Every structure is written in structure tokens, then in C-alpha cells.
Amino acid sequence: MKSLMVFLAGVVMAEEPPVKLAEQARLQLKMAEGGQVIDNLALTVAGAWMDPGPPGETRDLTFPIDAWQWTAATLRFTPPASGKAELSFIGPWEEQSTGVVWRQEILWDDVEAEGSSVTNGSFSAGIEGWTSPWAPFPPAADWPLAGREVGASWLGRPLVQQLTVEGGKPVTLRFRARAAAPSDRPEMHPVSGKTPAHDWAAALKRGVNLGNCWEAPVGSWGVPYGPEDIDRIADAGFDHIRVPVGWHHRIENGEISPGLLEELEPVLKQAEKRKLHMILDWHGFKALEEDPDGHRQDFIDGWKTIAAHFKAWSPLLAYELLNEPTGGLHGSVLNDLHQQVLTEIRAIDPERIVFLDPGRWAVADQLGQLWIPQSEKRVILTFHCYDPFPFTHQKAAWVGFQSVEDIRFPGPPSSPAQAPVENLARWYAAYSDPEARPNPSSISSVERLLDKAKAWSENFGRPVHLGEFGCVRDADPASRRRYARQVRDAAEKRDIPWSWWEWKVGFGVVDMQTGEPLLIDALTGD
């Protein structure tokens, strides 16, 4: 901690640091006397379990926040001894370049305590009761306060208060956090009234992904789909399909592969015949994520080719620009790319509905990072949710979980489970704790994200869609059915249409070999 302070002192004294919108709030908690470790600690955000951070003398915690709304959090801990506990509101560590740290300002408010007391938790008296030990606190009229009676911190200017605590007496801290939008960040204005995007989204309720097929490199691991799959999907009660395609494998010299069209178009035609809505997705363009500038034009040209080919198709067909953007595709880079591609599509096919994914794997926490012009009325926002991830991806070797198994939904298990991988130790500890409220293997983590998506939709007047959720077939079948039904019910309660990943392979609704229905009742039954 001392070396961090020395480094940050240099940052604060250096030229004005670059400013960026924060995605995470960060705080630290420790016993002021030092040498004493706070072990019994739990963090919840909007009713969902959050990782309480690694053990140590200083507990370092983060959680997702937005600029468009406040996020409420609760921190519970039991002091190991009587004395002072030091609470520090700080900020994310992220470098623009070596030695140059982003200034990501976080606003704080309504700090309350049970089992201790907080001075001036409303910040109505400035920062009385708090200290700003590394740099002067900004004037009330300046950014990021802009006249608001709130606290503010970033990595180079923490906000600190020492709380009097009694050993063994539980303490509960409640507070709210919000990202301070940089003054040069364009404001996204809400759309008022009903739009063509709302009309299209209103026809969706329950969908399924035709995954593990055309997104694969040609001649590799993809499985076949045919019109018979569409008939069974429609007969099962689904009303839309999402069709992932690795277009970067399938477009050459401005032409779509004839082999792809021979396989894909009969499936889409059958979906149209069965009156299923279709979302045609560009899936898995890793080169673009790793080098956005180097592959930007390939992506734009690819969508021009796709849009020209499907221009005359039924309005039941929509496009999804890019599945789960990650790597270098987030924030302004992703927003700029979206607008460039939308401009080209609109020049060819102005009335087509287009789906956009937020960054960081399309998580709902990233919706607030998006910017869409108010004039764009034919866009639907889609997000993905695989929480609780250790449950939905148990035994999944591609995420390093091959030794993770027998996780039940909901938790806790009948007997305590030991984490097979170190980075899941805290998750397993909470999962195995019968007193944990909430349990990390429960619907609460999903509901937090659904609530955020719903609130974002209502705030900005744009429809949203849960484009992927699912669970591996290696999970306990009864737990898998409960998960499918509970997520379905939670989404439908909030009027959010959804699409399960996927129809017949490792996350399948049905067994590809036998045709046995595995989740049809859970997903579309009464």
C-alpha cells in the first residue's frame, strides 16, 4: 500500500491525467492499526452477491456502476478487534499508457452504518468528517461535483473516513455510487414514443440460438442445421431464432460463399414460412476485436455485402452487428464502429431492424457505455447473461472449468464443496454457506442484470433483448431445468424477450442424436 501511495503521489503531481468514464466503483476497507485481517466480509449490489475481493490486511472491492443511475451497495463485515476501521472510497487502476493512469471519477452518496456510525454520509457539509489525503478535494462548482452535494474520488484522490468499531460486533455499511460522466462525453438522449424497433421487439418472447454451426470455420466443428430443425423449434412454441454466422469465414472478394447460402437460406426460408422472426448475427470476429483499426474496413464491407444480399428479404429478418464485442471493442471505439456500420446498412436497407451488443462480452452492465443517436429508431439492444457462471459453465474446458463440477442451482449444496480452482475460492465459500444471503448460485445475480437492462430500456426509450443465456448439459439435469425456468420467468416478468443458447449441442434444448427433449417444458411449457 505504501508503494502505491508513493506512485500515486507522482501521478497527482504530474500533468493533468486523462479522463475516462468509470465502469467500476472501488473501495478499500482495513483495520487502521494494521496487522489485523477482516475475514468475515460480504458485498451485495442490488440484492446480488459480489466477489468480496482477495483476503489481506486491506480488503479491495469493486462493483459495476453507471453514469445514468445510482447503484446501491451493502457491505457487511465483523471487525476482528475493537478500534478504527478505515473506509476508503477510491477508483479503478487502469493505465492509458505506461505510467499514465486514467482519472475515472466516482460519485458517492447516502453512506450509512449499522453497528458503527458515519459522519456526514450525505456530504451535505462538503467532506466534513472525511479526508482527501493525497490531493485537494475539488471545488463544489467544478467537475465532477458540478454543484451536487456528493462525495467524489478517483485513484489519485481517495476519500477516507475512520469508523469506530467493536470487535465481534457486525457492521453494515450502505451507500450509493455513480460514475461521473466526463464533460466532453456526448449525452445520449432518450427516444420518446413507440418506434419500429418497439413493434419488432413486441413480436418476440421466446427464442433459441442455432449455435455451433455457421459461426465455425468452414469444415471444422460446426454441426448441421436444416429446415426440420425449424419445424421442431416452431412446434415447441418458440417464436424467433438467432442465427450466428462467422461471416469473416464466409465472405471473399465481396461475395458470400455459395456453400453457406445453400445451407443457410433453406433454413431461413422455412423460418419465414413458420412466421419465426430471425436475427442474423456476425459471430466470433476475433481479429477485429484484437485489432479494430486493422479490420474495421473488412467489417464494414462485410456488412455492406450482407445488407445488399438480404435487402429484399422479409421484414421478419433482422441483423445483429457483432456478437459479444470484447478486446479493443468497447466504449467510444465500439460506438464509432456501430455508427459507421449502421450508416452503410441504412444506405442500402434503411428499414431493416438492427441489434447492437454492448461491450465486455455483451454484459448488461455495459449498456450505459453505449451511445446511439436519437434519430435512430430501428435499433434493439441485446445483452447476454450466463450468471451464475460457475454453474452454467461447469466442466467447460474452454473457460478453464474442466474440474468444476456438481454445482447445484440454487445453492447451497447438501454438503460443503471445495473450490477446484483458486480463482473460485470465494465463490465456493459463499455457495457452500447455508447462511449466505443471497447465495451466489441463485437467480439473484440474473435478476440484478435483468433489472438493470429493464431500467436502461425505460430510461432511454429503447427495447432490449436477452440474446443469450444457457447452461451446459454437463450440469445436474434438475438444476439445469430449474435454472432455465427461473431465468425464463424472471425475463418474462420484466417483459424482456429471450433466446436460449442453444438448440441441440453442448447447451442443447434437445439431444442432437436421439431427439430427446431436455428443456422444452422448462422453456416453453406451462
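Start by selecting P292, R296, F299, I300, W303, K304, A307 and A308 in α7, which meet V333, D336, L337, Q340, V341, E344, I345 and I348 in α8, where contact means heavy atoms within 4.5 Å. Before going further, note that this is a predicted model in which local features need pLDDT of at least 70 and side-chain atom pairs count only at pLDDT 80 or more, while totals for chains, interfaces and linings use all residues. Residues are numbered from 1 along each chain as its sequence is written, and side-chain values use heavy atoms, with hydrogens and water left out.

Now show both helices as ribbons: the axes of helix α7 (residues 292-310) and helix α8 (residues 331-348) come within 9 Å and cross at roughly 25°. Axes here are lines fitted to C-alpha atoms, for helices over the stretch in contact, and angles run from 0 to 180 degrees between N-to-C directions. Angles under 35 degrees count as roughly parallel, over 145 as roughly antiparallel, 65 to 115 as roughly perpendicular and the rest as oblique, and α7 and α8 are therefore roughly parallel to each other. The crossing of these two helices, α7 and α8, is right-handed, meaning that the near helix is turned clockwise from the far one by less than a right angle. Helices (H or I, at least four residues) and strands (E, at least two) are DSSP runs, numbered from the N terminus.

Stay beside α8 and select E324, which lies in the loop between β18 (317-320) and α8. Its phi is near 45°, a positive value in a residue other than glycine, and at 13% relative accessibility E324 counts as buried, a term that means under 20% relative accessible area, with exposed over 50% and partly exposed in between (1.4 Å probe, protein chains only).

Move next to the open sheet, in which four strands follow the order β4-β1-β6-β11 with antiparallel pairing; two strands pair if DSSP finds at least two bridges between them. The edge strands, each pairing on one side only, are β4 (58-64) and β11 (159-165), and from one strand to the next the twist averages 20°. Strand β1 (residues 24-31) is joined to β4 by seven bridges, and selecting Q28 shows D60 of β4 standing opposite. On the other side of the sheet order, strand β6 (residues 83-89) and β11 pair in the antiparallel sense over seven bridges, with V165 in β11 as the bridge partner of G83. Colouring β11 by accessibility shows a mostly covered strand, in which five of seven residues are buried.

The next selection is helix α13 (residues 477-493), whose 17 residues reach 24 Å from first C-alpha to last, close to the 24 Å expected at 1.5 Å a residue, the expected span being 1.5 Å times one less than the number of residues. Its buried residues are S479, R480, Y483, A484, V487, R488, A490, A491 and E492, and the elements they pack against include α12 (444-460), β21 (464-469) and α14 (520-524). Just after α13, D495 takes a positive phi of about 60°.

Finish with the backbone of three loops. The peptide bond from D387 to P388 is cis, with omega near -10°, and P388 sits in the loop between β20 (379-384) and α10. A cis peptide bond is also found from W501 to E502, with omega near -5°, and E502 belongs to the loop between β22 and α14. Lastly, D406, in the loop between α10 and α11 (425-432), has a positive phi of about 60° although it is not a glycine.
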